[in-house]
Every structure is written in C-alpha cells, then in structure tokens.
Amino acid sequence: MSTPTEYKVYHPAKGILPVYGFNEKYVFTNDLNSPEHLENIFPIENSVLLEKTPFPDTEGNAIYEGDQLIDLDVELEEGVKLEETKQQVYWCDKKGAWMLDHSFKQNKGSGEFLYKELRDFRFKIAGNIYQSNNN
C-alpha cells in the first residue's frame, strides 16, 4: 500500500498553507465541515501545489518542493558559514528524482540528487522559493 502524497499550496495573497484537498478547480485548506471552510477555498489556477518529498531536513522537518535548504557544514573560510546560500528543492522529470539546485540563478539548471546531498551533508529548511520571491 502506498502512502498518500501530501501537499502545501502557495497562493500569492495567502502565502503558503497546508492542503486539506484539491480538485481540478479549487484548493481546500481546511475540512469542508469546518465552520470557516468557505474562507479556505480558492481557485487552483492562482496557486502552486508544493509536493512533499520523502525526506526530512537535519532537524526532522518535512521537505517540500520549492523549499530552500542551507548547508550547515560549509565554511567559506575559518569560522564563516555559508548559511546565506539557499538551494531549492525541485522534482526533475528527466531523472525521475528529487534534486537540490546548485545553480547560481536557482533556475533548476544544475543539481544533485536530494537523497545524496541529505546523506552526505547537514541541511535545514531556510524558507521557500515562492515566499522568498514575493517578500
């Protein structure tokens, strides 16, 4: 039996929210039986669904598509950490795998397999590409 896919959603006006469900037209961020359910339904066309990867960061937090990770072990020089360099998580159809973008522009142009990077280095989530681009 497979595990159901989990999502978050980015909406330009509402930010990143957990997803309760969605269909071809709408995203639901709350149980439809909830009293405030009408406030938590919006068109999917204005949103970006962010799929959960099967991997946690070094602190045990779930990693989602578009999350930006920082390497806690990299030093530019003695005592100077590289924590400001954020690398986005993305799905690569060509390789059929979750990747970590190493490109300067963070345009999904160059990356390594996410599972290898998480195995070999300590990463933590430092934000999400959608929040960073809109703040």
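Where does Lys108 lie? In the loop between β12 and β13. I will come back to that loop. First, the whole chain.

What you have in front of you is a predicted model. The mean pLDDT of the chain is 85, and 81% of the residues reach 70 or more. Confidence is highest in strand β7, residues 62–64, with a mean of 97. At the other end is strand β10, residues 80–81, where confidence is lowest and the mean is 58. Where pLDDT is low, the predicted coordinates should not be read in detail. I will leave β10 alone for the rest of this talk.

Now the general make-up. The chain has 14 strands and 2 helices. Of its 135 residues, 33% are buried. About 8,700 Å² of the chain is exposed, and carbon and sulfur atoms supply 48% of that area. If you take the contacts with a separation of 6 or more, residues 24 or more positions apart account for 41% of them.

One example of residues far apart in sequence is the pair Pro12 and Tyr130. They are separated by 118 residues in sequence, but their C-alpha atoms are 8.6 Å apart in space. Pro12 is found in the loop between β1, residues 7–11, and β2, residues 15–18. Pro12 is exposed, because its relative accessible area of 55% is over the 50% cut-off.

Next, the sheet. In what order do the 5 strands of the open sheet stand? The order is β13-β12-β11-β8-β14, and the pairing is antiparallel. β13, residues 111–113, and β14, residues 123–128, are at the edges; each has a single partner strand, so one side of each has no neighbour in the sheet. From one strand to the next, the twist averages 40 degrees.

Let us go through some of the pairings. β8, residues 67–71, and β11, residues 87–92, are antiparallel and joined by 2 bridges. Here Gln68 stands opposite Gln88 in β11. β11 then pairs with β12 over 4 bridges, again in the antiparallel sense. In that pairing, Cys92 has Ala97 of β12 as its bridge partner. The hairpin of β11 and β12 has 4 residues between the strands, and Gly96 in this hairpin has a positive phi near 65 degrees. On the other side, β12 is joined to β13 by 3 bridges, and these two strands also run antiparallel. Met99 stands opposite Phe113 in β13.

β12 deserves a closer look. How many of the 5 residues of β12 are buried? The count is 5 of 5, so the strand is largely enclosed by the rest of the structure. In a regular strand the side chains alternate between the two faces of the sheet. In β12, Ala97, Met99 and Asp101 are on one side, Trp98 and Leu100 are on the other, and all of them are buried. Both faces of the strand are therefore covered.

That brings me back to the loop after β12. Most residues other than glycine have a negative phi. Lys108 does not: its phi is near 65 degrees, a positive value. Gln106 is also in the loop between β12 and β13, and its phi is positive too, near 55 degrees. Is Gln106 buried or exposed? Gln106 counts as buried, because its relative accessibility of 14% is under the 20% cut-off. Lys108 has a relative accessible area of 44%, so it is partly exposed.

Last, the salt bridges. A search of the whole structure finds 2 of them. One is between the side chains of Glu6 and Lys52, at 3.4 Å from N to O. This pair links distant parts of the chain: Glu6 is in the segment before β1, Lys52 is in strand β6, residues 48–56, and the two are 46 residues apart. Glu6 is partly exposed at 38% relative accessibility, and Lys52 is partly exposed at 29%.

The side chains of Asp120 and Arg119 also meet in a salt bridge, at 3.0 Å from N to O. Asp120 is partly exposed, with a relative accessible area of 45%. Arg119 is exposed, because its 55% is over the 50% cut-off.

To close, go back to β12 and find its 5 buried residues in the structure. Then follow the chain into the loop that holds Lys108.

Note on methods:
Residues are numbered from 1 along each chain as its sequence is written. This is a predicted model: local features need pLDDT of at least 70, side-chain atom pairs count only at pLDDT 80 or more; totals for chains, interfaces and linings use all residues. Side-chain values use heavy atoms; hydrogens and water are left out. Two strands pair if DSSP finds at least two bridges between them. Axes are lines fitted to C-alpha atoms, for helices over the stretch in contact, and angles run from 0 to 180 degrees between N-to-C directions. Buried means under 20% relative accessible area, exposed over 50%, partly exposed in between (1.4 Å probe, protein chains only). Contact means heavy atoms within 4.5 Å. Accessible areas come from the Shrake-Rupley method with a 1.4 Å probe; for residues, only the protein chains shown count as cover. pLDDT is the predictor's confidence in each residue, from 0 to 100. A salt bridge is a side-chain nitrogen of Lys or Arg within 4 Å of a carboxyl oxygen of Asp or Glu.
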